[in-house]
Amino acid sequence: MICPVCKYDMIVVEYRNIELDYCNSCKGVWFDSGELELLLKSQGLEERKASFDNIINSQEAASAEKKRNCPSCGRKMKKTAIGGQPKTLIDVCRDKHGLWFDGGEVAQLMRHLAGEHPPKDDSGGHVVNFLEEVFGASESK
Ligand SMILES: [Zn+2]
Ligand SMILES: [Zn+2]
């Protein structure tokens, strides 16, 4: 799959049966629809899916950021704001092929989801750890 930002070939990162496409150049991450769900599930965060759907289905956010094309269908993706300060904008394919996160935005999303309903057992931290495990190694190079 080609990175929607810099057009380099992305690498497939497989971790605990979840496949992500990762761009080594800009550190962006593409989640196929379903993969993020698997990620939430694997971390025991299924109940966060509703807040996640809200993010996906929310109105297009006004932004000066450049529109990006879905690496799957090539159509322009929608900018969607997730909460937090400063706001983070992610790109979502309108045909639900998946979501694009610029480098660092995945962790922000996870912190946001975890923070909305603080888990008793700090399971939100597990997702952040998961992502740090997946990406920490490649970023420290
Ligand atoms: Zn890239
Ligand atoms: Zn698409």
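What makes the arrangement of the four donor atoms around the zinc ion (ligand 2) tetrahedral? The angles they subtend, 99 to 123°, make it so; four donors count as tetrahedral if all angles lie between 85 and 135 degrees.

A quick word on ground rules. This is a predicted model, where local features need pLDDT of at least 70, side-chain atom pairs count only at pLDDT 80 or more, and totals for chains, interfaces and linings use all residues. Residues are numbered from 1 along each chain as its sequence is written, chains are lettered from A and ligands numbered from 1 in the order written, and side-chain values use heavy atoms, with hydrogens and water left out.

Here are the two zinc sites (donors are N, O and S atoms within 2.8 Å of the metal, or 3.2 Å for Na, K and Ca; water is not among the atoms, so sites may look incomplete).

| Ion | Donors | Distance | Spacing |
|---|---|---|---|
| zinc ion (ligand 1) | Cys3 (SG), Cys6 (SG), Cys23 (SG), Cys26 (SG) | 2.2 to 2.3 Å | C-x2-C-x16-C-x2-C |
| zinc ion (ligand 2) | Cys70 (SG), Cys73 (SG), Cys93 (SG), His97 (ND1) | 1.9 to 2.3 Å | C-x2-C-x19-C-x3-H |

The zinc ion (ligand 1) is tetrahedral too, because its donor angles run from 103 to 126°. Among its ligating residues, cysteine 3 is buried at 0% relative accessible area, while cysteine 6 is partly exposed at 25% (buried means under 20%, exposed over 50%, partly exposed in between, with a 1.4 Å probe and protein chains only).

Over at the zinc ion (ligand 2), cysteine 73 is partly exposed at 31%, and so is histidine 97, at 27%.

Conventions:
Four donors count as tetrahedral if all angles lie between 85 and 135 degrees; four count as square planar and six as octahedral if opposite donors are over 155 degrees apart and all others between 65 and 115; anything else is irregular.
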